[in-house]
Amino acid sequence: MAEQVQRDPSQVEIPDRLPLLPIRDIVVFPYMVLPLFVGRDMSIKAIEAALAGNRIIMLAAQRSMEVENPAPEDIHPVGTVGMVMRMLKLPDDRIKILVQGLAKARIEEFVQTEPYFQVRLAQIPEAKLPGQSLEGEALMRTVKEQLERLVSLGKILMPDVMVVIETLQDPGRLADMTVSNLGLKVDATQEVLEIHDPIARLRRASELLGAEIEVLSMQQKIQAEAKGEMDKTQREYFLREQLKAIQKELGELDERAEEVAEFRKNIKDAKMPEKVLKEAEKQLKRLEKMHPDTAEAATVRTYLEWLVELPWSKKTKDSLDIKAAAKVLNEDHYDLEKVKERILEYLAVRKMKEKMKGPILCFVGPPGVGKTSLGKSIARALGREFVRISLGGIRDEAEIRGHRRTYVGALPGRIIQGIKQAGTGNPVFMMDEVDKVGADFRGDPSAALLEVLDPEQNTAFSDHYLGVPFDLSEVMFITTANIMDPILSALRDRMEIIEIPGYSQEEKIGIAKRFLIPRQLTEHGITEKQITFSDRALNRIVADYTREAGVRNLEREIANVMRKVVKKIAEGENRLYAITPTAIPKYLGVPKHHKESEEKKDIIGVATGLAWTEVGGDIIHIEATIMKGKGALTLTGHLGDVMKESAQAALSYVRARARQLGLKPEVFARHDIHIHVPAGAIPKDGPSAGITMASALTSAFTGRPVRHDLAMTGEVTLRGRVLEIGGLKEKLLAAKRVGIFRVILPRRNQKDLADIPKHLLKGMTFIFAETMDDVLGAALRRMPAPRGTQAKTDAPGRRPSMSRRPVAAASSRQG
């Protein structure tokens with residue numbers, strides 16, 4: 001330990017060259033005695049040089065605390081010459097020194113920079129005042145009163161410091177003593193040190209005291225306001241407010257500044273388009289000026305978070321290997337060749353042209369045929385992210401376009417949310433149940449989808465919440481629907497419709513073997529060594545226990561069988577269970593459906609029709625009966641308007657053709673007619689039951705039964721023409737499911753058979769009709785007029801001469 005007795009600074013002779021000690025966090029004033037901790041090699045060597053000489057050293061503050069090895073330009077030119085009074089070496093190789101400030105000096109030149117700084121300096125003498133001026137006396141009293149006020153507000157000052165300050169009569173020394181004990185930032189303290197005039201220096205010290213008093217007054221105000229009720233939450237709030245108030249007065253970085261800086265960095269990293277960037281910067285400036293706890297600040301903060309998290313410039317690279325994509329599609333789905341071909345065509349074009357708009361596809365088909373899973377396979381084949389939303393039941397336009405930010409709890413629409421969830425700007429975006437979108441007073445979501453699904457408009461899709469355009473042109477949109485009729489016509493026009501009809505029995509067995517059974521084996525924790533299904537067993541499950549277009553019920557029945565097998569294995573009967581057709585009822589109970597047609601024989605007035613519903617094809621039995629009355633027509637069976645009109649048209653056709661059918665015209669005025677479609681609890685509608693109703697009516701009036709092994713579909717006009725229908729594959733599947741292999745179709749539908757798989761047509765006979773004469777010739781049995789009372793009841797007014805008249809028919813057998 002080196003020791004030196006404290007000396008009067010004015011009596012010490014100061015040389016013009018001295019070692020320099022850069023100081024980071026404090027400014028030393030003349031007459032000031034304080035300890036310093038020194039750890040840098042350069043600084044330690046400067047102290048050692050001073051101790052080797054006259055113990056005098058130049059002390060100057062750094063411009064920045066963060067600089068570890070300062071250069072000459074990093075050091076303030078004005079500092080204080082000090083004397084090292086004591087020195088102590090610490091165990092961590094640092095040095096603790098006690099220094100006394102002697103006089104102010106200015107660095108004129110750095111004469112040495114290695115191994116420590118040595119400077120040539122010029123001493124700055126303290127200005128001598130001719131006498132105590134009135135201003136100086138007033139400033140000194142003001143400063144002393146301010147110090148007393150500061151202590152009363154809670155500022156901690158050493159008692160001996162206050163005693164010294166009370167006795168000081170020199171304005172310069174009073175200013176130095178005051179500022180050195182306030183604990184101010186280095187820049188503010190250095191500013192006071194560099195002021196040469198004592199009165200000006202004291203005036204600046206008074207200003208700094210005033211600012212410090214305001215900070216402490218605000219602190220006391222916060223304490224007084226928060227003192228009433230202070231539970232844990234209020235205490236935390238008080239502390240935060242106190243900290244923010246102090247930081248605001250001191251100009252220090254607070255949490256809000258850190259948040260703004262983070263937002264600014266994220267905005268830069270997001271690589272937004274220029275228009276979006278301007279909006280983001282504008283909102284960020286608003287956030288800077290707001291109090292962080294206001295509701296509006298929370299709204300702006302949430303908005304900025306959405307902007308920076310959206311993938312403005314992120315895109316996934318498409319996998320353009322067509323063979324690999326085909327392999328993925330074939331692995332995941334059975335058949336569906338038309339859909340697979342369309343995806344491969346897109347990949348081929350994408351391979352030839354780098355920049356192209358994403359296709360907008362619409363998969364239409366009954367439930368359970370694999371529409372949604374097909375979207376996942378497409379995303380996997382392309383190497384893109386997959387996003388799915390369900391539009392079923394939504395009625396608010398804001399679900400698509402988002403809510404405006406003026407509403408509490410506003411959020412972007414489902415489209416922008418899905419894009420954010422994907423994390424890229426070009427995902428495969430599936431929108432399920434587009435045919436089940438509703439509409440009410442809040443707007444029509446279907447109309448909002450027009451912009452989303454239009455390649456010419458979605459390059460600048462505007463969400464109400466964002467208020468800035470987002471490019472959706474590279475997104476591959478896929479929508480799904482069960483039927484097309486409810487979809488807005490303008491929306492249908494924007495989509496490429498791909499129909500996915502139901503599966504035939506052979507296709508269902510193939511799907512069960514390739515996909516359903518392996519999946520259920522995994523879910524039930526068993527293997528093929530414990531259970532197997534024969535093709536005939538699967539065929540029986542399909543025929544007797546499911547009646548659907550898709551395969552969901554088939555998978556449920558397979559799972560049902562497996563659960564019973566797993567139960568036996570768990571009970572200790574561990575062996576191979578070979579599921580055969582005869583064993584199926586043991587696992588699944590009595591058959592739920594019968595393959596044979598529900599009608600076992602030909603019946604007068606009953607015709608079998610084919611219908612296309614949103615769950616696939618189905619058969620309907622239309623019954624017509626006549627009774628004594630006044631010509632009234634009764635329709636029952638929960639029929640829709642279209643079917644009611646078909647019944648009216650069929651009756652008008654039969655009445656117009658009464659003479660050709662061998663009926664007396666007056667018979668219609670003397671009898672009431674009742675047309676009924678069984679399963680009255682189920683709503684029925686559609687434009688393809690006309691010829692079935694006309695056949696049933698003709699059968700009822702003529703007494704000729706309709707063939708029970710034949711089904712028909714088609715609409716009829718008043719002139720007897722048979723019109724084209726849709727959903728041909730689904731209707732043929734329905735006929736095969738119930739064991740009907742003879743079908744009457746409109747002649748114009750003959751071309752559509754080319755799109756139906758050949759295995760589905762195998763064993764079926766098709767009769768192509770252009771007029772109702774063709775239909776009646778094929779559907780009604782050729783038999784003589786019934787005689788006796790029953791004949792009169794079944795066919796009132798029938799002319800016997802027409803009983804054997806042949807009906808022209810055109811038939812074609814497809815195999």
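In this predicted model, His-76 sits in the loop that joins E4 to strand E5 (78-89). His-76 has a relative accessible area of 9% and is therefore buried, the cut-off being under 20%. Leaving aside residues up to four places away in sequence, the contacts of His-76 are with Ala-60, Ala-61, Gln-62, Arg-63, Ile-107, Asp-187, Gln-190 and Glu-194.

Strand E4 (56-61) is also part of what covers the buried residues of H1, together with strand E2 (17-23), strand E3 (33-38) and strand E6 (95-112). The buried residues of helix H1 are Ser-43, Ile-44, Ala-46, Ile-47 and Ala-50. These residues cover an arc of only 160° around the axis, so they lie on the same side of H1. The face turned away from that buried side carries Asp-41 and Ala-52, which are exposed. The length of the helix can be checked as well: H1 has twelve residues (41-52), which at 1.5 Å a residue should span 16 Å, and its end C-alpha atoms are 16 Å apart, in agreement.

One of the residues of strand E2 is Pro-19. With a relative accessible area of 8%, Pro-19 is buried. The C-alpha atoms of Pro-19 and Ser-43 are separated by 9.2 Å, while the two residues are 24 residues apart along the chain. Ser-43 is itself among the buried residues of H1. Not counting residues up to four places away in sequence, Pro-19 touches Ala-46, Ala-49 and Ala-50, and also Ile-56, Ile-57, Met-58, Tyr-116, Phe-117 and Gln-118. Of these partners, Ala-46 and Ala-50 are listed among the buried residues of H1.

Two loops in this part of the chain have backbone features to inspect. Tyr-31 is located in the loop between E2 and E3. Tyr-31 is not a glycine, yet its phi is positive, at about 70°. Its relative accessibility of 34% makes Tyr-31 partly exposed. The second loop, between E6 and strand E7 (118-124), contains Pro-115. Here the peptide bond from Glu-114 to Pro-115 is cis, and omega is near -5°.

Further along the chain, helix H6 (residues 198-226) includes Leu-202. Leu-202 has a relative accessibility of 0% and counts as buried. What surrounds Leu-202? Its contacts, not counting residues up to four places away in sequence, are Gly-136, Leu-139, Met-140, Val-143, Pro-171, Leu-174 and Ala-175. For one of these partners, Pro-171, the C-alpha atom is separated from that of Leu-202 by 6.2 Å, and the two residues are 31 residues apart along the chain.

The loop between helix H8 (255-270) and H9 holds Lys-271. Phi of Lys-271 is positive, near 55°, in a residue other than glycine. Lys-271 counts as exposed, at 60% relative accessibility.

Helix H9 follows as a second case for the reasoning applied to H1. Its 16 residues (274-289) should span 22 Å at 1.5 Å a residue, and the end C-alpha atoms are 23 Å apart, which agrees. Which residues of H9 are buried? They are Val-276, Glu-279, Ala-280, Gln-283, Leu-284 and Leu-287. The arc that they cover around the axis is only 135°, which places them on the same side of H9. The other side of H9 carries the exposed residues Glu-274, Lys-275, Lys-278, Lys-282, Lys-285 and Lys-289.

The last elements to consider are a pair of helices. Two packed helices are described by the angle between their axes and the distance between the axes. For helix H18 (residues 505-524) and helix H19 (residues 535-545), the packing angle is about 115° and the axes are 10 Å apart. At that angle H18 is roughly perpendicular to H19. The crossing of H18 past H19 is right-handed. On the H18 side the contact is made by Gln-505, Lys-508, Ile-509, Ala-512, Lys-513 and Ile-517. On the H19 side, Asp-535, Leu-538, Asn-539, Val-542 and Ala-543 make the contact.

Notes
Residues numbered from 1 in each chain as written. Predicted model: local features only at pLDDT ≥ 70, side-chain atom pairs only at ≥ 80, totals over all residues. Heavy atoms only, no water. Helix = DSSP H or I, 4+ residues; strand = E, 2+ residues; numbered from the N terminus. Expected span 1.5 Å × (residues − 1). Buried < 20%, exposed > 50% of the residue type's maximum accessible area, 1.4 Å probe, protein only. Arc of directions from axis to C-beta. Contact = heavy atoms within 4.5 Å. Axes fitted to C-alpha atoms, helices over the stretch in contact; angles between N-to-C directions. Parallel < 35°, antiparallel > 145°, perpendicular 65-115°, else oblique. Left-handed = near helix turned anticlockwise from the far one by under 90°.
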